[in-house]
Amino acid sequence: MEDRYNVECCDFIHAHEEIVERVRSRMPGEDTLYDLAELFRIFGDSTRIRILYVLFESEMCVCDIAQLLGMTQSAISHQLRSLKNAQLVKARREGKTVFYSLADDHVKTIINQGFEHVCE
């Protein structure tokens, strides 16, 4: 059976102009796509994923995360800064201690869907 989406089988360069225009009209702007790519870049680091998974389970301070993951507090703080800048985690202060948690349910959804995908 011929693959109708294979570029090599198209008779005309613009044979599907209506499809191209429909998709073009629905495409987000370049800035939005760049921001989306940056979001997925943040998820592309296993240490940040580990931190997000920890925070998926419980709000924690830097020292607790560092102990749990077997890393230095400095390394955890560095990654938390990236996650906070990407609006994936939030912080709250209680006395001298800062507790981190996932920013919102969107982050939980992304983690859950990713986890389900890799476990299939």
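Contact means heavy atoms within 4.5 Å. The views below show a predicted model, in which local features need pLDDT of at least 70, side-chain atom pairs count only at pLDDT 80 or more, and totals for chains, interfaces and linings use all residues. Residues are numbered from 1 along each chain as its sequence is written, and side-chain values use heavy atoms, with hydrogens and water left out.

**Figure 1. Overview of the secondary structure of the chain.** Six helices and three strands make up the chain's elements; helices (H or I, at least four residues) and strands (E, at least two) are DSSP runs, numbered from the N terminus. Read from the N terminus, their order is α-α-α-β-α-α-β-β-α. Of the 120 residues, 22% count as buried, a term that denotes under 20% relative accessible area, with exposed over 50% and partly exposed in between (1.4 Å probe, protein chains only). Among contacts between residues at least 6 apart in sequence, 46% join residues at least 24 apart.

**Figure 2. Surroundings of T47 in helix α3.** T47 has a relative accessible area of 16% and is therefore buried. Apart from neighbours within four places in sequence, T47 is in contact with M71 and Q79. Q79 lies 32 residues from T47 along the chain, and their C-alpha atoms are separated by 7.6 Å.

**Figure 3. Crossing of helices α3 and α4.** Two packed helices are described by the angle between their axes and the distance between the axes. The axes of α3 (residues 46–57) and α4 (residues 62–69) come within 11 Å and cross at roughly 115 degrees; axes are lines fitted to C-alpha atoms, for helices over the stretch in contact, and angles run from 0 to 180 degrees between N-to-C directions. From α3, the residues R50, I51, V54 and L55 make the contact, and from α4, I65, L68 and L69. These residues divide into six nonpolar, no polar and one charged.

**Figure 4. Surroundings of S101 in strand β3.** S101 belongs to the strand spanning residues 97–102. Its relative accessibility is 14%, so S101 counts as buried. With residues up to four places away in sequence not counted, S101 touches L55, E59, L88, V89 and K90.

**Figure 5. Helix α6 and its start.** Helix α6 (residues 105–119) contains 15 residues. From first C-alpha to last, α6 reaches 21 Å, close to the 21 Å expected at 1.5 Å a residue; the expected span is 1.5 Å times one less than the number of residues. At the start of α6, a side-chain oxygen of D104 comes to within 2.9 Å of the backbone nitrogen of H106.

Notes: A polar contact is a pair of N or O atoms within 3.5 Å; within protein, one must be able to donate a hydrogen and the other to accept it, and residues adjacent in sequence count only if both atoms are side-chain atoms. Ala, Val, Leu, Ile, Met, Phe, Trp, Tyr, Cys and Pro count as nonpolar, Asp, Glu, Lys and Arg as charged, and the others, Gly among them, as polar.
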